[in-house]
Amino acid sequence: MDSRVAKLINEQINKELYSAYLYMSFANYYEEAGLKGFANWYMTQVQEERDHALIFRNYLLDNDVRVELGPIEGVEVAFDDPLAPLEAALEHEEFITASINQIYAAADEVHDYRTMNFLKWFIDEQLEEEANARDMVSDMKLYGKDQGSLFAMDREAATRTYTKASPLAAAE
């Protein structure tokens, strides 16, 4: 594997683990605000981000590339209202999409078709992640100021359950 592609994938592992930290901070905010459904949504997201890190890790190991775990930056967030974490999540998912696109472009430059194929799952996943984040922002903007609607949205978020990412499930 090209050393630049390997370096970017190692960095992506760190970004995915940071994402888990970030989303746990969102869950903490919602839990403290009494919005346990939104807390559940983001704790499920924590599990997904951890899975993403493991998928990248496994890919490096399968390609006989050393996994280099760097320090995970701390998360310091303070929110004034239930919309703020949702907007921060959308912005973060767009950042992650750009990062995965950067890996794809680097793999394309060196004709690393195996890595490009591997990244297809993440490209599709990011489309879903951004769409979910965008929908949550729009719903909160439309309905979040009404306490009854906020309660209903929180109840809906509480129904989300964790499903192991398909690349991990296939590896078992």
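Buried, in these legends, means under 20% relative accessible area. The model shown is predicted.

**View 1. Two tyrosines, Y23 and Y42, meet as an aromatic pair.** Both Y23 and Y42 are buried. Their ring centres sit 5.5 Å apart with the planes at 35°, so the pair goes down as tilted. Y23 belongs to helix α1 (residues 3–32) and Y42 to helix α2 (residues 36–62), so the pair ties together parts that are 19 residues apart in sequence. It is one of the 13 aromatic pairs in the structure.

**View 2. Y29 and Y30 pair edge-to-face.** Here the rings are 5.1 Å apart, centre to centre, with 70° between the planes. Both Y29 and Y30 are buried. Zoom out a little and the pairs join up: ring pairs link Y23, F26, Y29, Y30, F38, Y42 and F79 into a cluster.

**View 3. The largest nonpolar core has 25 residues.** The members that touch the most others are Y23, F26, Y30, F38, Y42, L86 and M140. Who chips in? Helices α1, α2, α3 (83–109), α4 (113–143) and α5 (147–158) each supply at least two residues. The biggest giver is α1, with seven residues.

**View 4. L86 and its surroundings in the core.** Setting aside neighbours within four places in sequence, L86 is in contact with Y30, F38, Y42, M136, V137 and M140. Elsewhere there is a second, separate core of 23 residues; among its members are A6, A53, Y59 and I103.

**View 5. Helices α4 and α5 pack against each other.** Their axes are 9 Å apart and make an angle of about 155°. Angles over 145 degrees count as roughly antiparallel, and α4 and α5 are therefore roughly antiparallel to each other. On the α4 side the contact is made by D139, M140 and Y143; on the α5 side S149, L150 and M153 do the job.

**View 6. R160 lies over the face of W41.** The distance to keep an eye on is 4.0 Å, taken from R160 to the centre of the W41 ring. R160 turns up again in the next view, as a contact of T44.

**View 7. T44, a residue of helix α2.** With 3% relative accessibility, T44 counts as buried. Leaving out neighbours within four places in sequence, T44 is in contact with R160, T161 and Y162.

**View 8. V110, in the loop between α3 and α4.** This residue is partly exposed, with a relative accessible area of 36%. In sequence, V110 and D2 are 108 residues apart, but in space their C-alpha atoms are 7.3 Å from each other. Apart from neighbours within four places in sequence, V110 is in contact with D2 and V5.

**View 9. H111 has a positive phi without being a glycine.** The angle is about 55°. H111 sits in the loop between α3 and α4. What about its accessibility: is H111 buried or exposed? At 53% relative accessibility, H111 counts as exposed.

**View 10. D64 also has a positive phi, and D64 is not a glycine.** For D64 the value is about 60°. The residue lies in the loop between α2 and α3. At 74% relative accessibility, D64 counts as exposed.

**View 11. T163, in the loop between α5 and α6 (166–171).** T163 has 57% relative accessibility and so counts as exposed. If you want a yardstick across the model, take T163 and T97: they are 66 residues apart in sequence, and their C-alpha atoms are 21 Å apart in space.

Note on methods. Residues numbered from 1 in each chain as written. Predicted model: local features only at pLDDT ≥ 70, side-chain atom pairs only at ≥ 80, totals over all residues. Heavy atoms only, no water. Phe/Tyr/Trp six-rings, centres within 6.5 Å; stacked < 30°, edge-to-face > 60°. Helix = DSSP H or I, 4+ residues; strand = E, 2+ residues; numbered from the N terminus. Buried < 20%, exposed > 50% of the residue type's maximum accessible area, 1.4 Å probe, protein only. Lys NZ or Arg CZ within 6 Å of the ring centre and 35° of its normal. Core = buried A, V, L, I, M, F, W, Y, C linked by side-chain atoms within 4.5 Å. Contact = heavy atoms within 4.5 Å. Axes fitted to C-alpha atoms, helices over the stretch in contact; angles between N-to-C directions. Parallel < 35°, antiparallel > 145°, perpendicular 65-115°, else oblique.
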